[in-house]
Protein chains: 2
Amino acid sequence: MIAPSQPATPDPAHADQCETRHPIDLEQVRALNVSVLTADKAQQMAELFAVLADPNRLRLLAVLAERELCVCDLAALVKLSESAVSHQLRTLRDRRLVRYRKQGRKVYYSLKDQHIFDVYRAVADHVDEPED
Amino acid sequence: MIAPSQPATPDPAHADQCETRHPIDLEQVRALNVSVLTADKAQQMAELFAVLADPNRLRLLAVLAERELCVCDLAALVKLSESAVSHQLRTLRDRRLVRYRKQGRKVYYSLKDQHIFDVYRAVADHVDEPED
DNA sequence: TTTATATATGAGCAATCGCTCATGTATTCA
DNA sequence: TGAATACATGAGCGATTGCTCATATATAAA
């Protein structure tokens, strides 16, 4: 899921053209950036956002926020095939956004990561605002 | 960017198998889901998350959070080609996450959408937490 | 045990993404 | 005016995504 971005051509020919006009400030910014957001952390964040970047997964999370549900019911609710839902649940499981428990031949899924659902809700509110 | 998810095969053969055991509750959940998260809104949210689902765009946003910067400087800071940065800035512009102003032949970009940057920060904090 | 149900998963395909490379367009400088 | 700089953009390629379809597994029902 999102291969770590290849370094492209290492330090493109560009080099020290336009940015050397104010080299000190830029070094400060780079220092801040590197410490606050390393390549590794950017990668982790991107992978988390990627899980939320699909309308069907968002719909699954939305119904799971209301109640625990089995795969079959989820498929009926979001109108997807059970296979498609199962695949989607796998990526939600892998990213630990949901938990599950088996009961008989059914598997009941529920929301696990409240932090991420807060993010969901923040964006849900955001897209409703007209101030675009 | 993220084509509206095709309805797949409309209402897969699945139909009324497992979910008809508790039809009333599921109708309630579906009603909630549809009103809270329509297909259209899920699509909008997914597109927003998709913008954040790339490590290089996150790095651009991170440095833009520190200060206004031109394309050339951004390229130097995130170590990408200016063309790649320009392409990325286009998607950030299209989604109104950044603003820009021209000054001579340079174009200075800055953060525009504070709400989305709050989301950025929430996820940045989240990935640092050990409680996984 | 045999059959059906509920879910998981691998292969594979069409669509999308993010880059490079080539090129176009302003703007500045000589 | 002509060359160089800063940026934008289209084409196109390799990688990734999200589905379907076929198939596997586990549990329940007959």
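## Polar contacts to DNA strand D

In this predicted model, an N or O atom in the side chain of Tyr109(B) lies 2.6 Å from a phosphate oxygen of DNA strand D. Such a polar contact is a pair of N or O atoms within 3.5 Å; within protein, one must be able to donate a hydrogen and the other to accept it, and residues adjacent in sequence count only if both atoms are side-chain atoms. Cys72(B) uses its backbone: an N or O atom there is 2.7 Å from a phosphate oxygen of the strand. Chain A reaches a base. A polar side-chain atom of Ser83(A) sits 2.8 Å from a base nitrogen of DNA strand D.

## The surface near DNA strand D

DNA strand D has 31 residues around it, and the nearest are Asn56(A), Gln88(A), Cys72(B), Ser86(B) and Tyr109(B). Of the strand's atoms within 4 Å of the protein, 75% belong to sugar and phosphate. A residue is near a strand if one of its heavy atoms lies within 4 Å of it.

Helix H3 (55-66) and H5 of chain A each give at least two residues, as do H4, H5 and strand E3 (106-111) of chain B. H5(B) has the largest share, with 5 residues. Helices (H or I, at least four residues) and strands (E, at least two) are DSSP runs, numbered from the N terminus. The surface holds 11 nonpolar, 11 polar and 9 charged residues. Ala, Val, Leu, Ile, Met, Phe, Trp, Tyr, Cys and Pro count as nonpolar, Asp, Glu, Lys and Arg as charged, and the others, Gly among them, as polar.

## DNA strand C

Asn56(B) places a side-chain N or O atom 2.5 Å from a phosphate oxygen of DNA strand C. A polar backbone atom of Cys72(A) is 2.7 Å from a phosphate oxygen of the strand. Arg105(A) brings a polar side-chain atom to 3.0 Å from a sugar or linking oxygen. Two or more residues each come from helix H4 (71-78), helix H5 (82-94) and strand E3 (106-111) of chain A, and from H3 and helix H5 (82-94) of chain B.

There are 32 residues around DNA strand C; Cys72(A), Tyr109(A), Ala3(B), Asn56(B) and Gln88(B) come nearest. H5(A) supplies the largest share, 6 residues. The surface divides into 11 nonpolar, 11 polar and 10 charged residues. Sugar or phosphate accounts for 73% of the strand's atoms within 4 Å of the protein, and bases for the rest.

## How the two chains relate

A turn of 180 degrees, with a shift of 0.0 Å along the axis, lays chain A on chain B with an RMSD of 0.1 Å. The two copies are therefore related as by a two-fold rotation axis. Both copies use the same surface: 100% of the contact residues of chain A recur in chain B. Contact means heavy atoms within 4.5 Å. Superposition is by least squares on C-alpha atoms of residues with pLDDT of at least 70 in both copies.

## Helix packing in chain B

H3 (residues 55-66) and H4 (residues 71-78) of chain B pack at about 115 degrees, their axes 10 Å apart. Axes are lines fitted to C-alpha atoms, for helices over the stretch in contact, and angles run from 0 to 180 degrees between N-to-C directions. H3(B) contributes Arg59(B), Leu60(B), Val63(B) and Leu64(B) to the contact, and H4(B) contributes Leu74(B), Leu77(B) and Val78(B). These residues comprise 6 nonpolar, no polar and 1 charged.

## Conventions

Residues are numbered from 1 along each chain as its sequence is written, while chains are lettered from A and ligands numbered from 1 in the order in which they are written. Local features need pLDDT of at least 70, side-chain atom pairs count only at pLDDT 80 or more, and totals for chains, interfaces and linings use all residues; side-chain values use heavy atoms, with hydrogens and water left out.
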